[in-house]
2 protein chains.
Amino acid sequence: MYDILKTINGPEDVKKLNKKQLETLADDIREALFNRLTKIGGHCGPNFGIVETSIALHYVFNSPEDKFVFDVSHQSYSHKMLTGRKAGYIDDARFSEDSGYTNPKESEHDLFNIGHTSTSISLASGLAKARDLKGQKYNVIALIGDGSLSGGEALEALDFVGSDLNSNLIIIVNDNQQSIAEVHGGIYQHLAELRRTKGSSDNNFFKLLGFDYIYEENGNDIEAMIKVLQKVKDTNHPVVVHINTQKGKGFELAEKNREVWHWCMPFDRETGRLNVTFPTESYTGLTTQYIMNKAKSDKDFVVITPAMPMTAGLSPDLRQQLGAQYIDTGITEEHAVAMASGIAKAGGKPVLVTNATFIQRAYDQISQDVCINNSPVTILLDYSSFAGLTDMTHLGIFAIAAFSNIPNLVILAPTSKEEYLNMLDWSVEQKEHPVMILIPSNAVTSRMADKNFNAINTYKVEQAGEKVAILALGDFYQRGEELAQKITEELGFNPTLINPRFASGVDENLLEKLEKNHQIVITLEDGVLEGGFGHRIAAFYADKNMKVKNYGLKKEFYDRYNPQKLLQQLGMTSDQIVADIKKIL
Amino acid sequence: MYDILKTINGPEDVKKLNKKQLETLADDIREALFNRLTKIGGHCGPNFGIVETSIALHYVFNSPEDKFVFDVSHQSYSHKMLTGRKAGYIDDARFSEDSGYTNPKESEHDLFNIGHTSTSISLASGLAKARDLKGQKYNVIALIGDGSLSGGEALEALDFVGSDLNSNLIIIVNDNQQSIAEVHGGIYQHLAELRRTKGSSDNNFFKLLGFDYIYEENGNDIEAMIKVLQKVKDTNHPVVVHINTQKGKGFELAEKNREVWHWCMPFDRETGRLNVTFPTESYTGLTTQYIMNKAKSDKDFVVITPAMPMTAGLSPDLRQQLGAQYIDTGITEEHAVAMASGIAKAGGKPVLVTNATFIQRAYDQISQDVCINNSPVTILLDYSSFAGLTDMTHLGIFAIAAFSNIPNLVILAPTSKEEYLNMLDWSVEQKEHPVMILIPSNAVTSRMADKNFNAINTYKVEQAGEKVAILALGDFYQRGEELAQKITEELGFNPTLINPRFASGVDENLLEKLEKNHQIVITLEDGVLEGGFGHRIAAFYADKNMKVKNYGLKKEFYDRYNPQKLLQQLGMTSDQIVADIKKIL
């Protein structure tokens with residue numbers, strides 16, 4: 001097993017192989033993909049589809065002198081195996097050595113840490129520009145999937161590079177006819193035209209922008225890919241190589257259901273059954289239910305997602321049921337947010353759903369298109385918790401810091417099933433505020449909750465007590481409960497426990513009242529402290545006698561951490577906090 | 001004067017006019033533009049160029065039933081005059097009634113507050129979508145300039161709308177062959193092809209994306225514009241009307257020099273001489289000098305700007321001198337930032353310069369493409385001060401709150417000429433950090449400054465004192481000096497005066513030392529408090545005995561305020577702060 005792959009310690013070893021050996025190498029790589037993916041999961045379809053191209057790239061070009069930039073870099077597994085990192089795929093004990101994305105700390109063959117879409121052309125154009133300024137000669141290659149082409153950053157870069165960069169830059173458009181879900185947007189229909197005409201259509205998006213253009217029908221054929229890459233190597237101008245590939249190639253289930261197998265959890269290779277068990281009730285499931293019911297009863301209600309329908313559990317058949325009340329804009333966070341503002345302005349009830357880390361791309365649209373206009377848009381964010389995605393490129397822990405300082409935006413942090421659904425429904429129905437809701441990441445819990453949140457920034461006292469007040473925000477509310485109990489047990493009094501609910505504002509009345517019989521306010525939040533919730537509380541009490549202790553994450557790009565260990569390192573366990581309180585009291 | 005314009009109280013009055021009267025109306029509008037612009041300045045070229053189109057729009061469509069969305073809305077003056085707001089142009093006493101941008105508070109004919117580019121198509125598509133959900137019938141029209149087409153938000157929207165919105169949406173592409181500076185990018189070369197072929201080229205960017213397409217050569221001819229708009233009125237699918245116009249039409253100077261007259265200060269109509277005097281030394285001038293010298297001596301140095309070269313005083317001849325060391329990416333903040341990261345990664349020394357309000361659009365690129373990768377990019381921000389641009393859509397006061405919570409980013413707030421230039425040079429030469437520098441907005445002052453800022457987050461004690469420590473950041477340093485003096489005079493002791501220099505971090509050592517002989521720490525900052533500099537200081541002292549008073553702006557979309565009055569309202573004058581100190585001491 002892995003006979004050829006085992007001989008590969010770097011790109012120079014790829015260049016020594018003959019045609020048959022290269023094909024065996026592709027088989028070995030696919031075996032290695034199965035080995036890792038069935039056991040720890042990861043990006044599946046993108047990696048199976050790009051094996052041959054990755055081999056051809058290293059056969060033709062000379063990394064690291066020549067520079068590869070992988071869009072999202074979720075398709076870089078083969079590249080990694082070919083550049084000294086096969087152990088992360090064939091040796092189960094060493095899976096953790098490999099991050100699943102390109103990472104300069106792992107290898108000189110990786111230029112950037114990348115995890116968001118549509119960045120590769122811009123980044124590559126910068127490499128090319130610096131090369132030209134320095135009078136150096138090397139190839140710069142960006143590999144981008146068709147799904148990423150709809151992103152503004154990629155479109156801006158295509159527009160600029162085609163006309164204004166008059167030197168070597170090779171853009172490989174990996175056309176597998178799929179975004180994360182199905183593709184949306186005019187570009188994809190145009191790509192279909194280019195495929196249909198084998199690249200010969202008079203209408204050509206890339207040529208029109210100033211690029212040279214080559215079409216390669218057989219993107220999963222190593223020899224064909226070697227030939228086309230040799231043709232463009234050392235080009236003196238920007239060129240697009242449009243390749244037709246099969247997403248999930250070599251893994252039948254993934255070839256058939258490209259959406260489900262874009263990213264996967266550990267699974268059984270034969271049946272495709274996931275080797276994980278899901279809780280019977282989840283916040284995702286609650287979101288799905290709410291959406292389907294609401295859409296049925298209210299024709300003004302509409303769900304928008306920039307290519308992340310599964311964030312709300314919206315499978316293809318549910319999407320079909322929603323019909324015109326469902327909009328997948330493709331990977332276009334900016335457009336999705338601004339469009340939602342337009343919908344709200346004209347009396348629609350838009351709910352936009354995606355991951356916290358991706359909505360960053362629409363910071364300006366949230367500020368300008370939505371918040372300045374006070375459009376009643378609901379933005380539902382998944383994975384805003386430190387316990388969610390732990391890759392440094394996908395952290396949700398900056399959401400509160402990033403968005404809670406934008407005027408007019410109401411950020412809600414629900415703490416139970418009832419509160420989540422009530423907040424969601426309130427937000428959809430009200431017409432006064434743009435609202436962002438952080439979907440809980442905890443196991444579903446049940447607790448009575450208010451239905452009306454019109455009184456913006458009013459916190460809820462869940463347990464009235466003395467001496468110590470705990471402000472436990474959102475996902476950390478349950479930790480607050482645990483802390484309150486521990487204080488009662490260990491310190492012999494009942495502290496006050498508060499559910500702030502509003503991450504974006506201060507309940508000044510309540511905070512003032514706390515001064516009467518409390519000496520310490522504890523804030524707990526599931527995000528970075530700087531710019532976040534707790535610092536507001538600290539600032540409120542800054543010229544008063546209240547002592548405030550803020551607990552949350554540091555301003556840092558954490559990477560693949562163990563959430564529980566991190567909490568301990570940060571001194572955030574109940575025991576540690578009780579010890580801190582003892583020191584002050 | 002204004003004989004016809006005076007009869008216009010709303011769109012219904014436009015529809016009553018005959019051809020000759022419509023032409024006189026255009027003349028009246030231009031007179032009114034001169035009246036306002038010569039006296040208070042504003043957007044010049046965009047408004048002169050779109051007079052005929054604005055008249056035709058109101059002649060053909062029925063606002064407010066039909067909805068207009070103006071991109072940037074800096075070309076909406078004519079629209080405003082035709083919708084009951086002519087007084088803001090012909091009556092000098094009432095100029096201030098009109099904001100210079102569309103504003104729903106002014107009129108039901110304005111749908112959104114808009115000031116950033118490339119938003120109109122997305123916003124309009126949302127209106128169209130809500131209309132369709134509700135089963136209503138009306139026209140939605142987006143007017144967008146060719147310069148705005150390069151922005152990712154517009155490109156995302158074009159891609160989506162052309163294929164996925166199967167109903168009425170009319171996009172007027174106002175092609176005046178100019179961005180703010182000259183146009184950049186492949187789309188503009190393509191627009192030239194479409195103009196050359198009078199819209200008949202086989203290659204067609206808009207058709208390729210799924211749009212119906214009509215070209216109108218005579219965009220400054222009312223009759224022609226009426227005809228073409230009548231053709232597309234009530235269309236049942238998305239259509240692009242590509243019109244050829246003359247930017248600055250009817251104002252000879254602006255026709256000839258489209259860049260200089262894009263936006264203007266008060267001027268003499270005959271000579272074009274500005275009726276303002278400039279200080280002999282300015283931070284813009286210092287930036288220009290630094291750039292030109294540095295570029296000459298260091299071929300790795302490169303200036304990037306997303307269409308804002310004048311922010312660094314880079315006139316066309318200086319741009320030409322810079323040659324390959326100058327990159328105008330067009331209106332593409334996302335691409336510009338990511339490209340800068342690529343340049344830095346390959347050993348170049350990139351300085352990106354633009355306005356604070358516009359860089360918001362690259363929040364995610366600053367976080368992911370630059371900061372996660374620790375690329376030594378220098379981002380120079382103009383107009384980050386509350387005393388800069390005061391339109392709600394152009395506020396720079398959110399810059400610190402938005403960006404100082406991104407890990408790895410070093411934000412520098414210089415307080416004098418020497419400090420600014422030393423920081424700039426240090427930043428360009430170092431290889432460890434992404435750096436953002438807030439260009440001072442004050443009059444240029446001179447003071448000795450450090451040259452090396454490697455010790456990140458070390459504040460500078462400019463005057464050692466007792467009891468009260470003043471942390472006066474960036475543009476507010478001079479206010480700190482004034483406050484220190486007032487304290488000495490009124491309270492009889494010398495306070496400590498600190499120049500924090502780093503807006504993005506806390507000098508914990510220094511803050512600890514202050515505890516020995518200070519009871520109060522005052523923070524002064526030129527930005528919103530929430531998420532900003534002072535809250536970090538408050539949080540540091542939250543569990544200690546130090547009293548902290550934060551002075552800065554509220555989290556609010558202020559609009560066209562008087563900066564001095566605002567400071568007073570916020571209790572930020574030296575007298576007010578001294579009074580606060582007295583209460584605590």
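In α8(A), the residues Gly152(A), Leu155(A) and Glu156(A) meet Gly152(B), Leu155(B) and Glu156(B) of α8(B). By class, the residues of this helix-to-helix contact divide into two nonpolar, two polar and two charged. I should say at once that the model is a predicted one.

How do the two helices pack? Helix α8 of chain A, residues 152–164, and helix α8 of chain B, residues 152–164, cross at an angle of about 100°, and their axes are 8 Å apart. Because angles of 65 to 115 degrees count as roughly perpendicular, that is the term for α8(A) relative to α8(B).

Let me turn from this pair of helices to the interface as a whole. The size of an interface is often given as the accessible area lost when the parts come together. Here, chain A and chain B bury about 8,700 Å² between them, and 57% of that area is on carbon and sulfur atoms. Which residues of chain A lose the most area to chain B? They are Leu133(A), Glu156(A) and Phe557(A), which together account for 8% of what that side buries. Glu156(A) has already appeared in the contact of α8(A) with α8(B). In terms of residues, chain A brings 103 to the contact and chain B brings 102.

Next, the polar side of the interface. Between chain A and chain B there are eight salt bridges. One of them joins the side chains of Asp543(B) and Lys549(A), with a distance of 3.1 Å from N to O. The count of residue pairs in polar contact between the two chains is 58, with both residues at pLDDT 80 or more. On the side of chain A that touches chain B, the residues divide into 38 nonpolar, 41 polar and 24 charged.

I will close with the backbone. Most residues other than glycine have a negative phi, and most peptide bonds are trans. Against that background, some places in this model deserve a comment.

In chain A, Ser63(A) and Pro64(A) are joined by a cis peptide bond, with omega about 10°. Pro64(A) lies in the loop between α4 (51–60) and β2 (67–70) of that chain. In chain B, a cis peptide bond links Ser63(B) to Pro64(B), again with omega about 10°, and Pro64(B) is in the loop between α4 (51–60) and β2 (67–70) of chain B.

Where in chain A does Val72(A) lie? Its place is the loop between β2 and α5 (77–82). Val72(A) is not a glycine, yet its phi is positive, at about 65°.

Notes: Residues numbered from 1 in each chain as written. Chains lettered and ligands numbered in written order. Predicted model: local features only at pLDDT ≥ 70, side-chain atom pairs only at ≥ 80, totals over all residues. Heavy atoms only, no water. Contact = heavy atoms within 4.5 Å. Buried area = accessible area lost by both parts, 1.4 Å probe. Salt bridge = Lys/Arg side-chain N within 4 Å of Asp/Glu carboxyl O. Polar contact = N/O pair within 3.5 Å; in protein donor to acceptor, adjacent residues only side chain to side chain. Nonpolar A, V, L, I, M, F, W, Y, C, P; charged D, E, K, R; others polar. Axes fitted to C-alpha atoms, helices over the stretch in contact; angles between N-to-C directions. Helix = DSSP H or I, 4+ residues; strand = E, 2+ residues; numbered from the N terminus. Parallel < 35°, antiparallel > 145°, perpendicular 65-115°, else oblique.
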